[in-house]
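Q: I am a first-year student and would like a close look at one part of this model. Please start with the overall layout and then go into the detail.

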Amino acid sequence: MTLSGSSVSERELKDWITQSVEHVFREKVDEIVAQRLVAFVQENEQRVRELSLMERVVRVEEELRGLKEIQIAHFNASEKRFEAMDKRFEALQREMAARFEASEKRFDTIDKRFEALQHQIATRFEAMDKRFEAQQRETTTRFEAMDKRFEALQREMAARFEVVDKRFSQLQWMIGLGVAFIVALIGMVRIFG
């Protein structure tokens, strides 16, 4: 189709214009629709994000609510356990108090026995002290008698040693005189001999 001549009929011209307008219109519509779609998608993406965030927040809140209920159940269970433990501790304290009272009574009995035993031991120690003093006096007397006998023995030994010393000095004189006599005799034999 050519427009440069008059051979174009009106119908053809209308067809050509219609086609051209349709073509331009389609391009413009496609462009506008694409822009609108892009804008719509961007806007809806943001809304979708917001909705997903809202859904997440709702889920987190539900989870938190569930956790809170679980914690409350745990706290209630713990509270019951603590109450049971308190009861056990109270019972244990009563039992321990009763045992301590019994122990105190036993200790009082043991203290009385111990005091009686201390009195008996003190009496025995006094008797032992008296015996020990008597033995000390007896031992002292024996040692004094032994000292006297030892002194007498020392005096006797000293007297014997004096006698031995006198005999030894006499023996020395006799040996000295005997040696002098022999030397004199040998000297005379040599002189006269």
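How many helices and how many strands does the protein chain have? Then, for the close look, which residues form a negative surface patch?

A: The protein chain has 1 helix and 0 strands (both are DSSP runs numbered from the N terminus: H or I over at least four residues for a helix, E over at least two for a strand). The radius of gyration of the chain is 72 Å, well over the 16 Å that the globule rule gives for 193 residues, so the chain is more spread out than a compact globule. That radius is taken over C-alpha atoms, and the globule rule is 2.2 Å times the number of residues to the power 0.38. This is a predicted model, in which local features need pLDDT of at least 70 and side-chain atom pairs count only at pLDDT 80 or more, while totals for chains, interfaces and linings use all residues. Residues are numbered from 1 along each chain as its sequence is written, and side-chain values use heavy atoms, with hydrogens and water left out.

Along its principal axes, the C-alpha trace spans about 215 × 85 × 15 Å. Distances along the chain can be followed with one pair: Ala158 and Glu133 are 25 residues apart in sequence, and their C-alpha atoms are 37 Å apart in space. Ala158 belongs to helix α1 and has a relative accessible area of 36%, so it is partly exposed. On this scale, buried means under 20% relative accessible area, exposed means over 50%, and partly exposed lies in between (1.4 Å probe, protein chains only). Buried residues make up 1% of the 193 residues in the chain. The chain exposes about 19000 Å², of which carbon and sulfur atoms supply 60%; accessible areas come from the Shrake-Rupley method with a 1.4 Å probe, and for residues only the protein chains shown count as cover.

Now the negative surface patch. Its members are Glu101, Glu104, Asp108, Asp111 and Glu115. A patch takes residues with over 30% relative accessible area and no salt bridge, joining like charges within 9 Å and nonpolar side chains (Val, Leu, Ile, Met, Phe, Trp, Tyr) within 5 Å. Glu101 sits in helix α1, which covers residues 10–192. Its relative accessible area is 51%, so Glu101 counts as exposed.

The chain as a whole carries 33 positive and 35 negative side chains, and the centres of the two sets lie 14 Å apart. Here Lys and Arg count as positive and Asp and Glu as negative, with His and the chain ends not counted; each charge is placed at NZ of Lys, CZ of Arg, CG of Asp or CD of Glu.

Some charged side chains are paired. The whole structure holds 5 salt bridges, each being a side-chain nitrogen of Lys or Arg within 4 Å of a carboxyl oxygen of Asp or Glu. One of them joins Glu95 to Arg99, with the closest N and O atoms 2.9 Å apart. These two residues are 4 residues apart in helix α1, about one turn of the helix. Glu95 is partly exposed at 38% relative accessibility, while Arg99 is exposed at 55%.

Another salt bridge links Glu138 and Arg142, at 3.0 Å from N to O. This pair also lies in helix α1, with 4 residues, about one turn, between its positions. Glu138 has a relative accessible area of 43% and is partly exposed; Arg142 has 55% and is exposed. Glu156 and Arg160 form a salt bridge at 3.0 Å, N to O.

There is also a nonpolar surface patch. Phe82, Met85, Phe89, Leu92, Met96 and Phe100 make up its area of about 600 Å². Phe89 is in helix α1, and its relative accessibility of 46% makes it partly exposed.
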